Amino acid sequence: MSVETYLEENYPAALDDLKAFCRIPSVSTDPAFAEGIRQAAAFVADRLRRAGFAPVETLDTGGHPAIYGEILSDPTLPTYLVYGHYDVQPPDPLEKWKTPPFEPDERDGRLYARGVSDDKGPLLIPILVAEAFMRVEGRLPVNLKVLIEGEEESGSPHFAPTLEKYRDKLRCDLVLSADGAMWRPDKPSITVASRGLVALDVTITGAAKDLHSGRHGGSAPNPIAALAGLLASMHGPDGRVSVEGFLDGTTPPDPKIITAIEVSQFDSAAYYREIGVSGGDPIDSGRELLIRQWLEPTLEFNGIWGGYQGRGTKTVIPNMASAKITCRLVAGQKPDTVIAAIVRHLQQRLPKGFQLEVHRHGPGSESDFVDPDLPALRISEEVLGDLLGEKPLRVAMGATIPIGSAFRRHLGCASIFFSFSTADEDYHAPNEFLRLGNFKLGMRAWTMLLRRLAASS
């Protein structure tokens, strides 16, 4: 029996494993889901042991645990470290899900569940492939280590210190990330750059308590109005960030990514139809749209609140209002510099009678990139090209996978993204799904990748 035949025959069991994994509500950012985090970590550890990894260890990170396993077949072979994460985004808003987020639902060749695309399905693929090699051939063609963290969806605040703490254990020649996504379902691609991330909460306080809007209206400071004005001041008419110092340190993008954007002939109108925007296309050039999504930094408002939120009315001037902000960073930007620029911008424009408080979430992460001449990148592209009949585009990612820069800094090695989710699968949104055809394709691709990496060594 071949490895490929084993995977095909055991596909129903693999799908059952994926459904069981997705039933675990492993939301990392909300303490209410602590039990789900514990169960997901235990699931990963057990699945690695069943696949033949030994030893399998739970690593103390100072936060949610990371799971480590290894199969070291031959000390003369290269060693690859597979990265993924078992935690997921919050499922809110629950009312917009067609089926419950933690009850996997299979329909129309897709599996719907929170975390199925980001990252439980793609993560499970290399584990299943390793198991197939061990069952059929009794060994892997390369040495394989696996590191699965539980805080990626909350900014990986303990990831860099964990790499440093366990540096000797994690030492490898290259990282193969099961996290990430292909750009489009109809065109093969491989990600060679991703943006960094930094997050903060901003709170504006006026009076010491809520006030009657009739008795005090027109004279008392209203934090909602002040906050709205401050937020509006952070972008220009074209939607780009206008905060002074925000762009400090940025470096020009790789010209090859600009070429890929131009070759793609991206349809911006179709994009806006897909996401349900009506009333005209904010950006009518596909080239301009992708440059903004991939290669320019952003400052986005993720949530805003203050005052009465219930039904009906309440005639009140609230004493505070808050907003959540995240910034995607490009090459050369530093999280500390970006935060300092935002705080300075807000302080300089804060109206009289208000107080400003800024709470930063974790250290943030810088952008990442892959050496265009890396041999493993060429091999990965060849695998995808052979399977899909078309050479993949090298693309950038507007999202953030903070592990790339962390692995380079602490382990001294590069990272290749080899994920089989796609960017349209609504991860981070209601009705997240994974194409089950890609789940199968990923098993074939990882099988080919490990063999070709071994042959090239």
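How do the residues lining the second largest cavity divide by class, and how many of them are nonpolar, polar and charged? In this predicted model, that lining has four nonpolar, five polar and two charged residues. The second largest cavity encloses about 60 Å³ of space. Its walls are formed by Thr61, His64, Pro65, Ala66, Leu147, Glu149, Gly150, Glu151, His158, Phe159 and Thr162. Two elements, strand 6 (143-149) and helix 5 (159-165), each supply at least two of these lining residues.

The second largest cavity is one of three cavities of 30 Å³ or more in the structure. The largest cavity holds about 80 Å³ of space, and its lining divides into eight nonpolar and four polar residues, with no charged ones. Gly180, Ala181 and Met182 line this cavity together with Ser189, Ile190 and Thr191, and the list is completed by Leu384, Met397 and the run Phe417, Phe418, Ser419 and Phe420. Strand 8 gives the most to this lining, with three residues.

Strand 8 appears again at an open site. The second largest pocket, with a volume of about 280 Å³, takes the largest share of its lining, three residues, from strand 8. In total 20 residues line this pocket, and those nearest its centre are Ala193, Pro253, Asp254, Ala331 and Phe369. The elements that give two or more residues to the lining are strand 8 (189-194), helix 11 (286-295), strand 15 (368-369) and strand 16 (393-397). By class, the pocket lining comprises 14 nonpolar, three polar and three charged residues.

Attention now turns to the packed interior. The largest nonpolar core has 87 residues, and within it Phe439 and Trp446 have the most contacts. Helix 15 (residues 436-456) provides the largest share of this core, 11 residues. Beyond the residues up to four places away in sequence, Trp446 touches Val82, Ile125, Pro126, Val129, Leu176, Ser177, Ala178, Phe418 and Phe420. Two of these partners, Phe418 and Phe420, are also named among the residues lining the largest cavity. Another core, of 25 residues, lies apart from the largest one, and its members include Met234, Ala323, Cys327 and Ala341.

Helix 2 offers a simple check of geometry. This helix covers residues 11-22, and its 12 residues should span 16 Å at 1.5 Å a residue; the C-alpha atoms at its ends are 17 Å apart, which agrees. The expected value is 16 Å because the span of a helix is taken as 1.5 Å times one less than its number of residues. Buried residues in helix 2 are Tyr11, Ala14, Leu15, Asp17, Leu18, Lys19, Phe21 and Cys22; the charged residues Asp17 and Lys19 are thus listed alongside nonpolar ones such as Leu15 and Phe21.

His410 belongs to helix 14 (residues 403-411). Its relative accessibility is 15%, so His410 counts as buried, the cut-off being under 20%. Neighbours within four places in sequence aside, His410 is in contact with Ala160, Leu163, Glu164 and Arg167. The C-alpha atoms of His410 and Arg171 are separated by 9.6 Å, although these two residues are 239 places apart along the chain.

Several loops carry backbone features worth a look in the viewer. The peptide bond from Ala54 to Pro55 is cis, with omega near 0°, and Pro55 sits in the loop between helix 3 (34-51) and strand 1 (56-59). A cis peptide bond, again with omega near 0°, runs from Asp92 to Pro93. Pro93 is found in the loop between strand 3 (79-85) and strand 4 (105-107).

Positive phi values are found at Asp108 and Asn431, neither of which is glycine. For Asp108, phi is near 55°, and the residue is placed in the loop between strand 4 and strand 5 (110-112). For Asn431, phi is near 65°, and this residue lies in the loop between strand 17 (415-417) and strand 18 (433-435). Are these two residues buried or exposed? Asp108 has a relative accessible area of 75% and is therefore exposed, the cut-off for that class being over 50%. Asn431, at 14% relative accessibility, counts as buried.

Key
Residues are numbered from 1 along each chain as its sequence is written. This is a predicted model: local features need pLDDT of at least 70, side-chain atom pairs count only at pLDDT 80 or more; totals for chains, interfaces and linings use all residues. Side-chain values use heavy atoms; hydrogens and water are left out. A nonpolar core is a set of buried Ala, Val, Leu, Ile, Met, Phe, Trp, Tyr and Cys residues joined through side-chain atoms within 4.5 Å. Buried means under 20% relative accessible area, exposed over 50%, partly exposed in between (1.4 Å probe, protein chains only). Helices (H or I, at least four residues) and strands (E, at least two) are DSSP runs, numbered from the N terminus. Contact means heavy atoms within 4.5 Å. On a 1 Å grid over the protein atoms alone, a cavity is a set of points where a 1.4 Å probe fits but cannot get out, and a pocket is an open set with protein on both sides within 12 Å along at least five of seven lines; lining residues have an atom within 4 Å of a point. Grid points are joined across faces, edges and corners, and a volume is the space filled by probe spheres set on the points.
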